[in-house]
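Here are my notes for you, as a set of numbered points. Keep the structure open while you read and look up each residue as it comes along.

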Amino acid sequence: MSDGIATTSYPISQRNRVKRLHERGAYDRATVHRILDSSMLCHVSYVIDGQPYCTPTFFWREGTKLYWHGSSASRMLRNQSEGQRVCLTVAHLDSLVLARCGFNHSADYRAVMAFGTAHLVTDPDEKQRALVAMVDRLYPGRTAGLRQSSTQEIKATSFIAMQIEEASAKVRSKGIGDDEEDYALPIYAERIPIRTVLGAPEPCKRLIDGVTRPATLNGYSEGRLLEDALLDAYFQEYPEG
């Protein structure tokens with residue numbers, strides 16, 4: 001958890017610099033990490049033999065290192081075992097923006113691009129920690145009460161780790177941004193907020209008598225924002241952030 005934490009921002013290069021509307025860009029770790037930690041789904045882009053690929057997968061952060069997992073047979077994992085340059089992205093869509101001109105229609109969003117060299121986790125201790133973290137990062141303490149994964153299940157699961165070398169966040173939160181003279185036009189405009197909200201839990205119909213929902217899942221309650229639940233779970237698992 002201490003890798004490079006003394007530095008408050010990621011280095012800026014031609015690769016991660018926000019070039020269009022650069023005022024929306026941010027490189028400080030607090031902003032980048034908060035956007036990452038309030039999500040569980042990322043997209044990992046990479047090139048194999050000249051062919052670009054982009055794979056959606058679950059991920060988590062530990063300090064300035066990102067982890068993701070998948071089947072040991074997947075193309076992504078097979079080709080990242082010895083080091084593969086990748087770009088990992090996360091995005092939150094916060095609103096739809098309807099303006100008075102088609103050019104000014106937009107959306108509010110928060111996004112991160114993180115760059116680094118991904119490699120297969122081969123150290124047994126690190127893999128064991130990852131097996132726990134991929135569950136407990138989302139549901140703190142849950143692994144301790146689960147059936148232990150079998151040798152075959154562990155063998156079938158691989159993990160990729162990537163030290164974040166460079167990263168940038170891009171945030172739009174201005175809502176409607178019409179040209180000044182367009183505000184006098186008799187045209188309707190609005191901002192439509194978007195939120196991912198948790199629904200009511202649906203217990204498994206095959207639960208045995210006496211098994212109830214543990215209090216550790218109270219953070220995932222009906223009506224709560226998913227990103228708030230994910231952030232709370234993250235900081236329970238990694239109090240130092």
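1. Let's start with the inside and the outside. Of the 241 residues in the protein, 37% are buried. Keep in mind that what you are looking at is a predicted model.

2. Now the overall build. The protein has five helices and nine strands. If you walk along the sequence, you meet them in the pattern β-α-β-β-β-α-β-β-α-α-β-β-β-α. The C-alpha trace spans about 65 × 50 × 35 Å along its principal axes. Take the contacts with a separation of 6 or more: 72% of them are between residues 24 or more positions apart.

3. Next, have a look at the largest nonpolar core. It holds 23 residues, and Leu 36, Leu 66, Trp 68, Leu 88, Met 162 and Ile 164 touch the most other members. The elements giving two or more residues to this core are α1 (29–37), β2, β4, β5, β6, β7 and β8. Which of them gives the largest share? That would be β2, with four residues.

4. Leu 88 is a good residue to click on. Leaving out residues up to four places away in sequence, Leu 88 touches Leu 36, Cys 42, His 43, Val 44, Leu 66, Trp 68, Val 112, Met 113 and Ala 114. There is also a second, separate core of 10 residues, and Trp 60, Tyr 67, Leu 131 and Ala 161 are among them.

5. On to the charges. Side chains of opposite charge can pair when their charged atoms come close. How many salt bridges does the structure hold? The count is 12. I'll go through three of them in the next points.

6. Try Lys 65 and Glu 126 to begin with. They form a salt bridge, and the closest N and O atoms are 3.7 Å apart. Lys 65 sits in strand β4 (residues 65–71) and Glu 126 in helix α3 (residues 124–136), so this pair ties together parts that are 61 residues apart in sequence. Are these two buried or exposed? Lys 65 has a relative accessible area of 18%, and because buried means under 20%, Lys 65 counts as buried. Glu 126 is buried too, at 13% relative accessibility.

7. Now find Glu 165 and Arg 85, whose side chains meet in a salt bridge with an N to O distance of 2.9 Å. This pair also links distant parts of the chain: Glu 165 is in the loop between β7 (157–163) and β8 (166–172), while Arg 85 is in strand β5 (residues 84–98), 80 residues apart. Glu 165 is partly exposed at 35% relative accessibility, and Arg 85 is partly exposed with a relative accessible area of 39%.

8. The third pair is Arg 191 and Asp 108, with their closest N and O atoms 2.7 Å apart. Arg 191 lies in strand β9 (residues 190–193) and Asp 108 in strand β6 (residues 106–120), so to speak two distant parts of the chain, 83 residues apart. Check the accessibility of each partner here: Arg 191 is partly exposed at 35%, whereas Asp 108 is buried at 1%. Back to a pair you have met: salt bridges that share partners join Arg 15, Arg 85, Glu 165 and Glu 166 into one network.

9. Let's turn to the empty space. Rolling a probe the size of a water molecule over the atoms shows where empty space is left. The largest pocket has about 450 Å³ of space. Its lining is made of 16 residues, with Pro 201, Glu 202, Pro 203, Arg 213 and Leu 217 nearest the centre. Sorted by class, that lining has 11 nonpolar, two polar and three charged residues.

10. The second largest pocket has about 350 Å³ of space. It is lined by 19 residues, and the closest to its centre are Ser 39, Ala 91, His 92, Thr 196 and Leu 226. At least two lining residues come from each of β2 (41–48), β5 and α5 (226–237). Which element gives the most? It is β5, with six residues. By class, this lining divides into nine nonpolar, six polar and four charged residues.

Notes
Residues numbered from 1 in each chain as written. Predicted model: local features only at pLDDT ≥ 70, side-chain atom pairs only at ≥ 80, totals over all residues. Heavy atoms only, no water. Salt bridge = Lys/Arg side-chain N within 4 Å of Asp/Glu carboxyl O. Buried < 20%, exposed > 50% of the residue type's maximum accessible area, 1.4 Å probe, protein only. 1 Å grid on protein atoms, 1.4 Å probe; cavity = no way out; pocket = protein on both sides within 12 Å on 5 of 7 lines; lining within 4 Å. Points joined across faces, edges and corners; volume = space filled by probe spheres on them. Nonpolar A, V, L, I, M, F, W, Y, C, P; charged D, E, K, R; others polar. Core = buried A, V, L, I, M, F, W, Y, C linked by side-chain atoms within 4.5 Å. Contact = heavy atoms within 4.5 Å.
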